[in-house]
Amino acid sequence: MIIDYAKDRQLPEYDACVLGAGPAGITVALQLSAAGWKVGLLEAGGLEFSEHSQALYAAKAPSSLNLPWNRLRFFGGTSNHWSGRCRPFDASDFEFAPLNGVPGWPLRYAEAARYLRPAMQILDLPAEGFKAVNGPLDQASFAEDRYALSPPTRFAAKYLQAIRDSRRIDLVLNCNCTELRFVPGTRRVDAVLASDYEGRKSSVRAKTFVVALGGIENARLLLASESLRAHGAGGPMLGRCFMEHLNVELGEFVFANEGTTTAVQYYTTAAFARSQQIGVGNVSLNPVTEVISYGRTAKVKTFLKTLACDMGVAQKVQFVANFACPGAGLVTTLLEQSPEPSNRIVLSGDRDKLGMPTAEISWSLSDADVRTIRVIGMEVAKGFSRSGLGYMRLRDYVLQPGTDIPVSPHAHHMGTTRMAAEPRWGVVDTDCKVFGTNNLYVAGSSIFSTGGGCNPTLPILQFALRLSDHLKARGLPAPNRAA
């Protein structure tokens, strides 16, 4: 069933209230409803993109994070524009401690791996799994990267009709969750305060709550819930260890074989990362197959650029216009960022139109991140040359210590409610339950203890399925068991 909160704010009490209808929230709602739970799936936006909803994602943040436009605030969430690239965590991601003195995952790799196949099915990934991309650069340092491509799955398109027809799921649109109400005596959240876009509010009650609003908004809601924070729920790490995946232009390359037009991708080996004390990640070499120009003079520009490439004088004229010739290209990355407590989300002094404090984000590269970038950049350049594949020209900032490294994040927001064995190191326990509470859980990449070098959507679903199984094993919350 679909309910417009702007028209109907008198909602029933639910077995589970899931906040956020992106991939994690939709997955948890479907899993619990299939087990007989009555679920309220609260979505702040509507069925389509709207400016007034998106504007509520505004935050104070470094411009490099490109907020708020790399997140989407309507049904289906950011799956409405993701590219579909999927790579699972490796076993080594769960075995090695991070570089900044913060503990890593408090559970074994097998706990995530057993949900890999069902998560792949949700994302419509090929049954054969993850294919290696070309040959290894240097077996000691880099292996073939492997990944699979989702169509990509748009959760809104795939699951809207099933949710519309469901008798156990209420999809409540235009329902902005602004505060969780915590009862200290029971250590339970008994309701979430919600508002429509005109500021009309009511409380939505449930026996169990799952916050699945995204890597920034999960922390923001918990921080903004005064009754929760007043009693220390979530612990001192709430909002800390905000992580991104690092996209750095390491430099340019040229293949020795001028006819090579296939992109190659390499991935750091666990042994190399451990021996060098660096993070892991992907290095991509995407060759230019043809010179392309845009604008009114595109044909003239393309002719001149192609002529420069054919004559071998492209580097001499690039002070006029920067471009790459066929057979050449950029070296880019998707690298792990170490969890650093000073990279964090706090509440700013501003409030949005609904009265909720906005988020303020501090984010920068740590010394460990800089070392990861520089070591990987220099090693991939040496390996590329040793292998006879061609040569690379690294950027000055990769080679020169003390030089600022420009980074373009991948819009993978992680770590702000990280999983840990105890509250001093994280926000949720191994069951994704918020420390200090009995019925409040978190889903999504904010629970990641480390980010690895993999795109987060697939592991998000693995942990959403694992959380769903944990809740189902506890049984329907009383007194709604007979419903």
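# Briefing: strands, helices and salt bridges of a predicted chain

Strand S3 (residues 39-42) runs parallel to S8, and 4 bridges join the two. The model is predicted. The protein chain holds 13 helices and 21 strands. Its salt bridges number 26.

**Strand S8 and its partners**

- In the pairing of S3 with S8, Leu-42 stands opposite Val-172.
- Strand S1 (residues 2-4) also runs parallel to S8, joined by 3 bridges.
- On S1, Asp-4 stands opposite Leu-173 of S8.
- Strand S8 spans residues 169-173, and 5 of its 5 residues are buried, so the rest of the structure largely encloses it.
- Ile-169, Leu-171 and Leu-173 point one way from S8.
- Asp-170 and Val-172 point the other way from S8, and these residues too are buried.

**The three-stranded open sheet**

- An open sheet of 3 strands follows the order S4-S18-S17. Its pairing is mixed.
- Strand S4 (59-60) and strand S17 (344-351) are the edge strands, each pairing on one side only.
- S17 pairs with strand S18 (residues 357-362) in the antiparallel sense, over 5 bridges.
- Within that pairing, Arg-344 stands opposite Ser-362 in S18.

**Helix H1**

- Helix H1 covers residues 23-34. Its 12 residues should span 16 Å at 1.5 Å a residue, and its end C-alpha atoms lie 17 Å apart, which agrees.
- Of the 12 residues of H1, 9 are buried, so the helix is largely enclosed by the rest of the structure.
- The buried residues in H1 include Pro-23, Ala-24, Gly-25, Ile-26 and Thr-27. Val-28, Ala-29, Leu-32 and Ser-33 are buried in H1 as well.
- Just after H1, Gly-36 takes a positive phi of about 100°.

**Helix H11**

- Helix H11 (residues 367-386) has 20 residues. From its first C-alpha to its last it reaches 28 Å, close to the 28 Å expected at 1.5 Å a residue.
- Gly-388, just after H11, has a positive phi of about 75°.

**Salt bridge Asp-145 to Arg-87**

- The side chains of Asp-145 and Arg-87 form a salt bridge, at 2.6 Å from N to O.
- This pair links distant parts of the chain, 58 residues apart. Asp-145 lies in strand S7 (residues 142-149). Arg-87 lies in the loop between strand S5 (85-86) and helix H3 (109-113).
- Asp-145 is buried, because its relative accessible area is 0%, under the 20% cut-off.
- Arg-87 is buried too, at 2% relative accessibility.

**Salt bridge Glu-252 to Arg-393**

- Glu-252 and Arg-393 meet through their side chains in a salt bridge of 2.3 Å, N to O.
- Here too the pair links distant parts of the chain, with the two positions 141 residues apart. Glu-252 sits in strand S13 (residues 251-255), and Arg-393 in strand S19 (residues 390-394).
- Arg-393 counts as partly exposed, at 40% relative accessibility.
- Elsewhere, salt bridges that share partners join Arg-85, Arg-87, Asp-90, Asp-145 and Arg-146 into one network.

**Salt bridge Asp-196 to Arg-200**

- Asp-196 and Arg-200 form a salt bridge between their side chains, at 2.6 Å from N to O.
- Asp-196 counts as buried, at 0% relative accessibility.
- Arg-200 is partly exposed, with a relative accessible area of 37%.

**Overall shape, burial and surface**

- The radius of gyration of the protein chain is 24 Å. A compact globule of 483 residues would have one near 23 Å, so the value agrees.
- Along its principal axes, the C-alpha trace spans about 75 × 50 × 45 Å.
- Buried residues make up 57% of the 483 residues in the protein chain.
- Among contacts with a separation of 6 or more, residues 24 or more positions apart account for 73%.
- The protein chain exposes about 20,000 Å². Carbon and sulfur atoms supply 51% of that area.

How values were computed: Residues numbered from 1 in each chain as written. Predicted model: local features only at pLDDT ≥ 70, side-chain atom pairs only at ≥ 80, totals over all residues. Heavy atoms only, no water. Salt bridge = Lys/Arg side-chain N within 4 Å of Asp/Glu carboxyl O. Buried < 20%, exposed > 50% of the residue type's maximum accessible area, 1.4 Å probe, protein only. Expected span 1.5 Å × (residues − 1). Rg over C-alpha atoms; globule rule 2.2 N^0.38 Å. Contact = heavy atoms within 4.5 Å. Areas by Shrake-Rupley, 256 points an atom, 1.4 Å probe, with all protein chains shown as cover. Pairing = 2+ DSSP bridges.
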